[in-house]
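Good morning. Please have the sequence and the model open while I talk. I will go through a few places one after another.

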Amino acid sequence: MGGVAEIAGRGYVMPLSMAPPGSIVRVVRVYAGRGLAQRLMELGLTNGAEVRVLKNDVGPLLLHVRGVTIALGRGVASKIFVERIA
């Protein structure tokens, strides 16, 4: 799965790796194995979490999640699907 898609009842979603800098998105779905899914939950990246994208150009993404700034690699970010809310 890559690019922007429509999920029934949700509108348009995209991988977090495609969200533009400055945007605010909401986590819709995480496509990851048990270990990675657990780690993302520990970082606060759960379904419904609001995320502000601080940096998304080259290298890892810089995100503001639940009051904390984190860096997330592009491969991991591509497994997190989000909808843009602002």
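**The surroundings of N56**

I start with a polar contact: the side chains of N56 and R74 are joined at 2.6 Å. Please keep in mind throughout that this is a predicted model.

Where along the chain does N56 lie? N56 belongs to the loop between β4, residues 50-55, and β5, residues 61-65. Is N56 buried or exposed? Its relative accessibility is 14%, and the cut-off for buried is under 20%, so N56 counts as buried.

N56 has a further polar partner. A polar atom of the N56 side chain lies 2.7 Å from the backbone oxygen of A19. If we leave out residues up to four places away in sequence, N56 touches L16, S17, M18, A19, P21, L61 and R74. So R74 and A19 both appear in this list of neighbours.

**From L16 to the core**

One name in that list, L16, takes us to the next place. Again leaving aside neighbours within four places in sequence, L16 is in contact with V25, V53, N56, L61, L63, L72, A77, I80 and V82.

Which residues touch the most other members of the largest nonpolar core? That core has 18 residues, and the ones in question are L16, L45, L63, L72 and I80. Two or more residues come from each of β3, β4, β5, β6, which spans 68-72, and β7. The most comes from β5, which gives three residues. As background, nonpolar side chains in soluble globular proteins tend to be buried together.

Just before L16 in the numbering is P15, in strand β2, which covers residues 11-15. P15 is buried, with a relative accessible area of 4%. The C-alpha atoms of P15 and V30 are 9.4 Å apart, while the two residues are separated by 15 places along the chain.

**Strands β3 and β7**

V30 brings us to a pair of strands. V30 stands opposite I80 in β7. How do β3 and β7 run relative to each other, parallel or antiparallel? They run antiparallel, and five bridges join them.

Why can β7 be called largely enclosed by the rest of the structure? Because four of its five residues are buried.

**The aromatic pair**

A search of the whole structure finds one aromatic pair. The partners are Y31 and F81, and the arrangement is edge-to-face, with 5.3 Å from centre to centre and 85° between the planes. Y31 sits in the loop between β3 (24-30) and α1 (34-42), and F81 sits in strand β7 (residues 80-84), so the pair ties together parts that are 50 residues apart in sequence.

The two partners can also be described by how exposed they are. Y31 is partly exposed, at a relative accessible area of 33%. F81, at 4% relative accessibility, counts as buried.

**Salt bridges**

How many salt bridges does a search of the whole structure find? It finds four. I will go through some of them.

R26 forms a salt bridge with E50, and the closest N and O atoms are 3.5 Å apart. This links distant parts of the chain, with R26 in strand β3, E50 in strand β4, and their positions 24 residues apart. R26 is partly exposed, with a relative accessible area of 25%. E50 also counts as partly exposed, at 45% relative accessibility.

R26 also forms a salt bridge with E83, where the closest N and O atoms are 3.4 Å apart. Here too the pair links distant parts of the chain: E83 is in strand β7, R26 is in strand β3, and they are 57 residues apart. E83 counts as buried, at 11% relative accessibility. Taken together, R26, E50 and E83 are linked in a network of salt bridges.

Another salt bridge joins D57 and K55, with the closest N and O atoms 3.2 Å apart. K55 is partly exposed, with a relative accessible area of 26%.

**To sum up**

We began at N56, in the loop between β4 and β5. L16, which touches N56, is among the residues with the most contacts to other members of the largest nonpolar core. Strand β7 pairs with β3 through five bridges, holds F81 of the aromatic pair, and holds E83, which forms a salt bridge with R26 in β3. That is the end of my part.

Key
Residues numbered from 1 in each chain as written. Predicted model: local features only at pLDDT ≥ 70, side-chain atom pairs only at ≥ 80, totals over all residues. Heavy atoms only, no water. Buried < 20%, exposed > 50% of the residue type's maximum accessible area, 1.4 Å probe, protein only. Phe/Tyr/Trp six-rings, centres within 6.5 Å; stacked < 30°, edge-to-face > 60°. Polar contact = N/O pair within 3.5 Å; in protein donor to acceptor, adjacent residues only side chain to side chain. Contact = heavy atoms within 4.5 Å. Salt bridge = Lys/Arg side-chain N within 4 Å of Asp/Glu carboxyl O. Pairing = 2+ DSSP bridges. Core = buried A, V, L, I, M, F, W, Y, C linked by side-chain atoms within 4.5 Å.
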